[in-house]
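Subject: Structure for your review

Hello,

Here is the structure I said I would pass on. My notes on it follow below.

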Amino acid sequence: MEEKLAEMGLTLPAPPPRGGVYKSVCISGTHLYASGHVPIRHDGTKVEGRVGENMDTATAAKAAQLVGLNMLASIKAELGDLSKLKCLVKTLGMVNCTHDFREQPLVINGFSELMRALMGPDKGVGARSAVGMMLPHGVAVEIEAIFEIDA
């Protein structure tokens, strides 16, 4: 998976710091639960904004892709090796947006397209929800996911 990242011109950042009392990654049996991750740039700053107000759909989708990289960094820190990921089971994508914004699925595609590119169309595409809401610290996107792993 890391070779594919390099081919795409992408690198994993350092695992993001936790923002509360929780685990970034929790493993139960053959399932890995990734807590809500937000878009944190390599310099440590967060991508903030409200889609439909001061951010467009394409910029928010890039932020969702960045969430995927942050999530993979947390997973790698926990597992030691991303090749232990078997498949993506479920994604919950949350978009900080105006009440009349209707393109939440297009925003979360930034995350979903990254996972599909890295894991393939069968293993990298799972069930998904994409919703709009107000998010902590004004971040543009937050995503949590469930993966199946090699035990």
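K76 has 30% relative accessibility and therefore counts as partly exposed. Please keep in mind that this is a predicted model. The side chain of K76 meets that of E2 in a salt bridge, with N and O 2.9 Å apart. This pair links distant parts of the chain, since K76 sits in helix α2 and E2 in helix α1 (residues 2–7), 74 residues apart. E2, at 33% relative accessibility, is partly exposed.

A search of the whole structure finds three salt bridges. Another of them joins E148 and K86, whose side chains meet at 3.4 Å, N to O. Here too the pair links distant parts of the chain: E148 belongs to strand β5 (residues 141–149) and K86 to strand β3 (residues 85–96), with their positions 62 residues apart. E148 has a relative accessible area of 25%, which makes it partly exposed. K86 is partly exposed at 35% relative accessibility.

E53 and R50 also form a salt bridge, and their closest N and O atoms are 3.4 Å apart. E53 is exposed, with a relative accessible area of 53%. R50 counts as partly exposed, at 33% relative accessibility. As general background, side chains of opposite charge can pair when their charged atoms come close.

Next, helix α2, which carries K76. Helix α2 covers residues 57–79, 23 residues in total. From its first C-alpha to its last it reaches 33 Å, close to the 33 Å expected at 1.5 Å a residue. How many of the 23 residues of α2 are buried? The count is 17, so α2 is largely enclosed by the rest of the structure. K76, at 30% relative accessibility, is partly exposed.

The two ends of α2 can be described as well. At the N-terminal end, D56 acts as a cap: one of its side-chain oxygens lies 3.4 Å from the backbone nitrogen of A58. After the helix comes G80, whose phi is positive, near 85 degrees.

On cysteines: how many disulfides does the count come to? The count comes to zero. The closest cysteine sulfur to that of C26 is in C87, 17 Å away, and this is too far for a bond because a disulfide needs the two sulfur atoms within 2.5 Å. Taken from the other side, the sulfur of C87 has its closest cysteine sulfur in C26, also at 17 Å and too far for a bond. Is C87 buried or exposed? C87 counts as buried, with 18% relative accessibility, whereas C26 is partly exposed at 33%.

The last item is a proline. P105 lies in helix α3, which runs over residues 104–123. Its relative accessibility is 36%, so P105 counts as partly exposed. Leaving aside residues up to four places away in sequence, P105 touches R128 and A130. The C-alpha atoms of P105 and G93 are separated by 8.2 Å, and these two residues are 12 apart along the chain.

In short, the search gives three salt bridges and the disulfide count is zero. Two of the pairs described above, K76 with E2 and E148 with K86, link distant parts of the chain.

Regards

How values were computed. Residues numbered from 1 in each chain as written. Predicted model: local features only at pLDDT ≥ 70, side-chain atom pairs only at ≥ 80, totals over all residues. Heavy atoms only, no water. Helix = DSSP H or I, 4+ residues; strand = E, 2+ residues; numbered from the N terminus. Expected span 1.5 Å × (residues − 1). Buried < 20%, exposed > 50% of the residue type's maximum accessible area, 1.4 Å probe, protein only. Polar contact = N/O pair within 3.5 Å; in protein donor to acceptor, adjacent residues only side chain to side chain. Contact = heavy atoms within 4.5 Å. Salt bridge = Lys/Arg side-chain N within 4 Å of Asp/Glu carboxyl O.
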